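Please open the model in a viewer and keep the sequence panel at hand. The tour below proceeds by selection, with a note at each stop on what is found there.

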Amino acid sequence: MPGGDPEDLDPGMARERTRLAWARTAIAFAALAVAILRREVVAGLVVLAMVPLVWSLGHVASREPAGKLPSRRLLLMTLLITLVSVLAGVVALLGHAPASLDQLLSRHG
Amino acid sequence: MLWHWHPPSLPLDRPCQHGWPERPRAARGGATSSIDQPGGQAAAEPAAGTEPDPRFTLANERTFLAWSRTALALVVAGLGVVQLLPPFPGVDWGRHVIGVPLIVLGAAVPVTAYWEWQRNQWALRRGQPLPRSVLPRVLTWTITGIAVLSAIVLLISAVR
């Protein structure tokens, strides 16, 4: 229905808002990837590689027929975040934290 | 229009005239099995509930995504505390005590959010009231606990 009332095509803009919510989630993922990247390059790159995947999940969402449930995508998302949390936990525990304020400043200076 | 049921408590200014193709009811026979009923009796009742308004399904998905972002923010915060803060003088373990619980919480939140998403979707199908979420309470108490821990670490650091 080109030129139709947008309210009829996408009531309450629910579909668009959901796609934007996926985009925000992907950006949050990227922020976490950068935070990990500062300490552990490999782990950070692994998380950074997941960002396009999360982004594309949102685009899949906006094209699905109305009756289809996003169970698989949401389950994948749950697994990804749990995996990334474990990764971040390992980086936090094993990655050598700056031993002193001087070391911290010199590293970022 | 039986399957476009609206809970009476939600004011909807428009009748549901979405642009998505309305599939015949026979084609949705298997739709119920894709969401598990708590207790696992879904298979015994293939026609349980009706397809909710797509707006509700999408809103439920966004709620899950909002909790996902909360989890990611918790992990970033935990990582930041451990890796970016200067050490507390005299309390070497201080950063880990504050940061690690945040990361653990970040791992637990999306799992709970997925479980609640399923539960909400099931309630929407049945037209039942939405079950209360446990996440706000868990988040409140954990963050309060971490704030108390931070205060303790700071006090120990100041005394030494």
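## The contact between two chains

Begin by selecting A:L74, A:M77, A:I81, A:V84, A:S85, A:A88, A:V91 and A:A92 in α4(A), which meet B:E61, B:F64, B:S68, B:A71, B:L72, B:V75, B:G78, B:L79, B:V82 and B:Q83 in α1(B). Sorted by class, this contact of α4(A) with α1(B) comprises 13 nonpolar, four polar and one charged residues. The model is a predicted one.

Next, display both helices in full: α4 of chain A spans 71-94, and helix α1 of chain B covers residues 54-84. How do their axes cross? The axes of α4(A) and α1(B) come within 10 Å and cross at roughly 5 degrees. Angles under 35 degrees count as roughly parallel, and α4(A) and α1(B) are therefore roughly parallel to each other.

## A glycine in α4(A)

Remain on helix α4 of chain A and select A:G89, which lies within it. Is A:G89 buried or exposed? A:G89 counts as buried because it has 21 C-beta neighbours inside 10 Å, the threshold being 20 or more. Now add B:V100 and B:I103 to the selection: A:G89 is in contact with both, its neighbours within four places in sequence being left aside.

## Along helix α2 of chain B

Move to helix α2 of chain B, residues 94-126, and select B:V104, which is located there. B:V104 has 17 C-beta neighbours inside 10 Å and therefore counts as partly exposed. Draw a distance from its C-alpha to that of B:Y114: the two residues are 10 apart in sequence and 16 Å apart in space.

## Helix α3 of chain A

Return to chain A and select residues 41-61, which form helix α3. This helix has 21 residues and reaches 31 Å from its first C-alpha to its last, close to the 30 Å expected at 1.5 Å a residue. Which of its residues are buried? Highlight A:V47, A:V54, A:L57 and A:A61, the buried residues of α3(A). To see what covers them, show α2 (14-37) and α4 (71-94) of chain A, which are included in that cover.

## Chain A as a whole

Finally, select chain A in its entirety. Its secondary structure amounts to five helices and zero strands, in the order α-α-α-α-α along the sequence. Of its 109 residues, 28% count as buried. Among contacts in chain A with a separation of 6 or more, 54% are between residues 24 or more positions apart.

Note on methods. Residues numbered from 1 in each chain as written. Chains lettered and ligands numbered in written order. Predicted model: local features only at pLDDT ≥ 70, side-chain atom pairs only at ≥ 80, totals over all residues. Helix = DSSP H or I, 4+ residues; strand = E, 2+ residues; numbered from the N terminus. Expected span 1.5 Å × (residues − 1). Buried ≥ 20, exposed ≤ 12 C-beta atoms within 10 Å, placed from the backbone. Contact = placed C-beta atoms within 7 Å. Axes fitted to C-alpha atoms, helices over the stretch in contact; angles between N-to-C directions. Parallel < 35°, antiparallel > 145°, perpendicular 65-115°, else oblique. Nonpolar A, V, L, I, M, F, W, Y, C, P; charged D, E, K, R; others polar.
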